[in-house]
Protein chains: 2
Amino acid sequence: MKPTIKDVAERAKVSPSTVSRVLTGVGYVSAATKEKVLKAVDELGYNPNGVARSLKRAKTQTIGVIVPDISNPYFVRVVRSIENCVSKSDYNLLLCSTDDNASKEETFLRILRERRIDGLIFAPSRLELGSALKPFLDANIPVVLVDRTITDVEVDTVVEEGEQSSYRLVQSLIEMGHERIAIVNSKPYISTSIERQRGYERAMLDAGIPIRPQYIQHGRFDQETGYLCGKRLFTLKDDRPTAIFATNNSILYGLMLAARELLIRIPEDISLVSFGDLEYSELIFPRVTAILQHPDRVGTTAAEVLLARLNHTHVEEVQKTRRIVLPTDFRCGTSVRNLRD
Amino acid sequence: MKPTIKDVAERAKVSPSTVSRVLTGVGYVSAATKEKVLKAVDELGYNPNGVARSLKRAKTQTIGVIVPDISNPYFVRVVRSIENCVSKSDYNLLLCSTDDNASKEETFLRILRERRIDGLIFAPSRLELGSALKPFLDANIPVVLVDRTITDVEVDTVVEEGEQSSYRLVQSLIEMGHERIAIVNSKPYISTSIERQRGYERAMLDAGIPIRPQYIQHGRFDQETGYLCGKRLFTLKDDRPTAIFATNNSILYGLMLAARELLIRIPEDISLVSFGDLEYSELIFPRVTAILQHPDRVGTTAAEVLLARLNHTHVEEVQKTRRIVLPTDFRCGTSVRNLRD
């Protein structure tokens, strides 16, 4: 007779639901317990596909996607790629936009949970989500974080390299003779924001350049932040920066609008570098020196990780949480003035 | 004793559900029946707020939004404005993107229907939807069409003026001496596409300029269509057009990319006008002569119409289907060459 989930649970001395958590890879299980369960599975010659089937909920063919800002072309392209990928498996997306507002985010998590989705792809608004994901994990609904990571729950995550890319970007400014380098960034509790700032600080530190507090500007990952911080930095009396690092595309756009309004020329009067590129950049002058992100790859990878969970195949594949860090590219544009010339 | 919905139905010699359709304004009712019901309401001094309450379903505080293309900045801004407006009344959006694909559209209509939404804002992929909206109307779930209209069901609609605006745009080209004017448009069964084409044809006709078949290019409202049709038009051997009318922002963008690739200068080699403006147009040269749309106003108005239905207030207000046509603006840019100079 084929072994059942109960047999595995008994042999591993855990509850059947713990076995299911281990085999679906969803929900918290300690490393020791995980090992015990997988050992029991091996010893009993347990067929995980059978488990998978027995654990299967009624499918809705619907995947929830929560992003911070649907008006940001980066997330638009992430969502498009997710959709292109999952629609081949006949899944449909329900899309929600949180404005990086924690309470909106919780509401959407609740709504999607109540609406019975098969899986969730989610760019969280903060590093620690507390119990917000618990109902999904408890119900064995796979969750994949995209673009941003969290620290308090272990779930599959697909992000782009942030710190080293930012380091390189700021270093390229320093190599051109810049020292008065400002950064315009988002909130200090969003993982991408933290990583990009860390890259900036480390590049300055390694070059022995002191970081001036007035050069570190925080707001949101939006155009308004770029515009307002730009105006502030451009009009500093004594020590106007010679270069600014925009930590995302929307901030860059706001900075460029502010520069345009104040008749500040790029790169003659101010140099600009950016994490992420502008949409329509082929038509925009000057081409900005930037870290090129790959939202299509990010979205596709996140969708593939989720689909693998939904079809949970082999024990070896599903047992562990995956954290995928995708590489970025560096593009040298014409937005930086060489101060050494 | 207060009159009930049954009393109204009996007096008007219709079913109670017909009374409810008239009072909520949702679902088809003939003009004659509508009049009978409203007469009975008046005569009995019936309180429609009471009706409203009695007909109220369990609310989910969720509004479905279906748009053709979430990567089009126009719809992104429509959706943002809807969200800004309805979130004040504690509604949350579930957003779906159809790619103007009729079968995807039907799937999303089904999914949203099953997920119990309170209302729907919807940009349909075609002029005739058949029975696709029936389940919503039957369930008294208000539907507001946005940006695009349909002909086979009577529902609230919020659109922007299309034909006359296009007429004016093409006329501005003719006034500058252009006669070889091409149009790059989307499908001939989308209302906006039809109206913009009609404006083009009427302007040409009124000026006595024959329309050449090879100047009418059809594809989708996307960048690829602009790019491919642009390449086709730019490389016509004998009768290259001197001007092109792009019927939306994405087509315009594709045309500009094609021109850039073929080293065709705007406006020296080709003049361009567009229905709708590019995102980031402040940073893009040349500024295109365009019909400026107002997606924020469109989204807000659609949301307000829907909220009014959801809170259905007075009989006078709710009895009739509303069709709101918002005005556009004309912006003279530098993308048109004056051939009379």
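**Exercise 1. Cysteines**

Task: Classify C332(B) as buried or exposed, and find how many disulfides the chains hold.

Solution: Start with chain B. C332(B) has a relative accessible area of 59%. The cut-off for exposed is over 50%, so C332(B) is exposed. Now take chain A. C332(A) is exposed too, with a relative accessible area of 59%. Next, the sulfur pairs. This is a predicted model. A disulfide needs two cysteine sulfur atoms within 2.5 Å. By that rule the count over all chains is zero.

**Exercise 2. Nonpolar cores**

Task: Find which residues have the most contacts inside the largest nonpolar core, then list what I244(B) touches beyond its sequence neighbours.

Solution: The largest core holds 88 residues. I244(A), M256(A), I244(B) and M256(B) have the most contacts inside it. Set aside neighbours of I244(B) within four places in sequence. Its contacts are then A182(B), V184(B), L233(B), F234(B), L255(B), I270(B), S271(B), L272(B) and V273(B). Another core, of 58 residues, lies apart from the largest one. Among its residues are V146(A), L307(A), L310(A) and V76(B).

**Exercise 3. A helix pair in chain B**

Task: Describe how α8(B) and α9(B) cross, and name residues that meet.

Solution: First, place the helices. α8 covers residues 163-175 of chain B, and α9 covers residues 191-206. Their axes come within 7 Å and cross at roughly 40°. Angles from 35 to 65 degrees fall outside the parallel and perpendicular classes, so the two helices are oblique to each other. The crossing is right-handed. On the α8(B) side, the residues include Y167(B), V170(B) and I174(B). On the α9(B) side, they include R196(B), Y200(B) and A203(B).

**Exercise 4. Cis peptide bonds in chain A**

Task: Locate the cis bonds that lead into P267(A) and P286(A).

Solution: Take P267(A) first. A cis bond joins I266(A) to P267(A), with omega about 5°. P267(A) sits in the loop between α11 (249-261) and β9 (271-275). Then P286(A). The bond from F285(A) to P286(A) is cis, with omega near -5°. P286(A) belongs to the loop between β9 and β10 (289-292) of chain A.

**Exercise 5. Positive phi in chain B**

Task: Give phi and the exposure class for Q61(B) and D90(B).

Solution: Q61(B) is not a glycine, yet its phi is positive, about 60°. Q61(B) lies in the loop between α4 (48-55) and β1 (62-67). Its relative accessibility is 26%, so Q61(B) counts as partly exposed. D90(B) is also a residue other than glycine, with phi near 65°. The loop between α5 (73-87) and β2 (92-97) contains D90(B). At 58% relative accessibility, D90(B) counts as exposed.

Definitions and conventions. Residues are numbered from 1 along each chain as its sequence is written. Chains are lettered from A and ligands numbered from 1 in the order in which they are written. This is a predicted model: local features need pLDDT of at least 70, side-chain atom pairs count only at pLDDT 80 or more; totals for chains, interfaces and linings use all residues. Side-chain values use heavy atoms; hydrogens and water are left out. Buried means under 20% relative accessible area, exposed over 50%, partly exposed in between (1.4 Å probe, protein chains only). A nonpolar core is a set of buried Ala, Val, Leu, Ile, Met, Phe, Trp, Tyr and Cys residues joined through side-chain atoms within 4.5 Å. Contact means heavy atoms within 4.5 Å. Axes are lines fitted to C-alpha atoms, for helices over the stretch in contact, and angles run from 0 to 180 degrees between N-to-C directions. Helices (H or I, at least four residues) and strands (E, at least two) are DSSP runs, numbered from the N terminus. Angles under 35 degrees count as roughly parallel, over 145 as roughly antiparallel, 65 to 115 as roughly perpendicular and the rest as oblique. A crossing is left-handed if the near helix is turned anticlockwise from the far one by less than a right angle, and right-handed if clockwise.
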